[in-house]
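Me: I'd like a close look at one part of this structure, the aromatic pairs and what sits around them. Could you walk me through it?

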Amino acid sequence: MTSNCPTLLRTPLVLLVLAAAVFFAPSYAQAQTEGDYLYRVTMLRAAPGHFVGLMAALRESFELDEEAGDRAPFWIRHSQGDQWDFMLVYPMGGFPSFYDGDRVGQRAAAWESVRGKTLATRLAEVTSYREEWFARSVAIDEMAGRFDGMGFFHVEMFTGLPGKREELFEQRRMENRYYDHLGGRQLNLLFVREGGSNWDAMTIGFYENLQAFAAAGAMHSAEQQEAAALAAGFDGVGAI
């Protein structure tokens with residue numbers, strides 16, 4: 001796996017890490033942070049001098065998505081680190097339902113209209129980088145609930161070494177078990193690759209603001225953190 005660490009603000013952050021893991025039975029934390037709902041994750045970088053223009057075009061594209069019968073994406077603005085400016089998490093549900101004939105027709109009618117074609121051209125003109133990734137995570141209602149009211153996101157993206165990808169997923173679950181033992185407030189949502197770009201997994205942590213993110217690590221004593229780490233399967237809190 002690779003390591004590349006940013007931190008994010010709403011309208012996020014990326015980190016890649018080398019991980020090893022121990023295997024456990026599914027836990028409460030796992031049940032709350034994984035799922036089979038399909039999302040398209042799009043990462044965009046603005047062309048030089050066009051950050052504000054890209055943001056405006058994206059907002060208009062979300063309106064057009066809804067006119068086309070799709071749900072507007074959850075979106076995150078990057079504050080530092082990786083090369084993208086915006087991450088868009090589009091709810092799809094599943095490939096068969098998303099590409100059902102009627103939905104495809106409604107989508108085409110919206111995006112092939114004069115407005116749609118003009119907007120597509122504008123988006124292309126103000127974007128210098130685009131990356132697409134398909135992944136499965138929790139159901140849409142759970143996802144919407146986690147984003148609701150949050151203003152700061154800790155995003156970590158991972159690529160596993162050959163033969164180590166299942167261990168990578170389990171290491172992410174172990175971190176959530178650690179949070180679960182400390183009260184569960186900081187559980188990260190896990191996304192597992194279905195297709196597209198090279199990332200194998202992604203986690204998103206949700207916080208009200210930067211201050212809440214900074215304070216999260218100070219909520220528990222060193223002894224509590226060490227005990228939680230051992231209970232989750234780590235060699236200690238320093239191994240997380």
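Reply: Here is a walk through the rings, with some background first.

Keep in mind that this is a predicted model. The protein chain has nine helices and eight strands, and 52% of its 240 residues are buried. About 11000 Å² of the chain is exposed, with carbon and sulfur atoms supplying 53% of that.

Now the rings. The count comes to 15 aromatic pairs. Take Phe 95 and Phe 134: their ring centres are 5.7 Å apart and their planes meet at 55 degrees, so this pair is tilted, falling between the 30 and 60 degree cut-offs. Phe 95 belongs to helix H3 (residues 95–98) and Phe 134 to strand E5, so the pair ties together parts that lie 39 residues apart in sequence. As for cover, Phe 95 is partly exposed, at a relative accessible area of 30%, while Phe 134 is buried at 16%, under the 20% cut-off.

Phe 98 and Tyr 99 make another aromatic pair, this one edge-to-face, with 5.0 Å from centre to centre and 85 degrees between the planes. Phe 98 is buried, with a relative accessible area of 6%, whereas Tyr 99 is partly exposed at 46%. Phe 98 also has a charge for company: the charged end of Arg 107 sits over its ring, 3.8 Å from the centre. There's a similar arrangement at Tyr 90, where the charged end of Arg 40 sits over the ring, 4.1 Å from its centre.

Then there's a cluster, in which ring pairs link Phe 51, Phe 62, Trp 75 and Phe 86. That brings us to helix H2, which covers residues 51–67. H2 has 17 residues and reaches 25 Å from its first C-alpha to its last, close to the 24 Å expected at 1.5 Å a residue. Phe 62 is one of the buried residues in H2, and the others are Leu 54, Met 55, Ala 57, Leu 58, Ser 61, Leu 64 and Asp 65. For reading that list, remember that an α-helix has 3.6 residues a turn, so residues three or four places apart point the same way.

What covers the buried residues of H2? The cover includes strands E2 (37–46), E3 (74–78), E4 (86–93) and E5 (127–137), along with helices H4 (101–111) and H5 (114–125). E5 is also the strand that holds Phe 134, from the tilted pair above. Just after H2, Gly 69 takes a positive phi of about 90 degrees.

Technical notes:
Residues are numbered from 1 along each chain as its sequence is written. This is a predicted model: local features need pLDDT of at least 70, side-chain atom pairs count only at pLDDT 80 or more; totals for chains, interfaces and linings use all residues. Side-chain values use heavy atoms; hydrogens and water are left out. Helices (H or I, at least four residues) and strands (E, at least two) are DSSP runs, numbered from the N terminus. Buried means under 20% relative accessible area, exposed over 50%, partly exposed in between (1.4 Å probe, protein chains only). Accessible areas come from the Shrake-Rupley method with a 1.4 Å probe; for residues, only the protein chains shown count as cover. The expected span of a helix is 1.5 Å times one less than its number of residues. Contact means heavy atoms within 4.5 Å. Rings of Phe, Tyr and Trp (its six-membered ring) pair if their centres lie within 6.5 Å; planes under 30 degrees apart count as stacked, over 60 as edge-to-face and the rest as tilted. A charge sits over a ring if NZ of Lys or CZ of Arg is within 6 Å of the ring centre and within 35 degrees of the ring normal.
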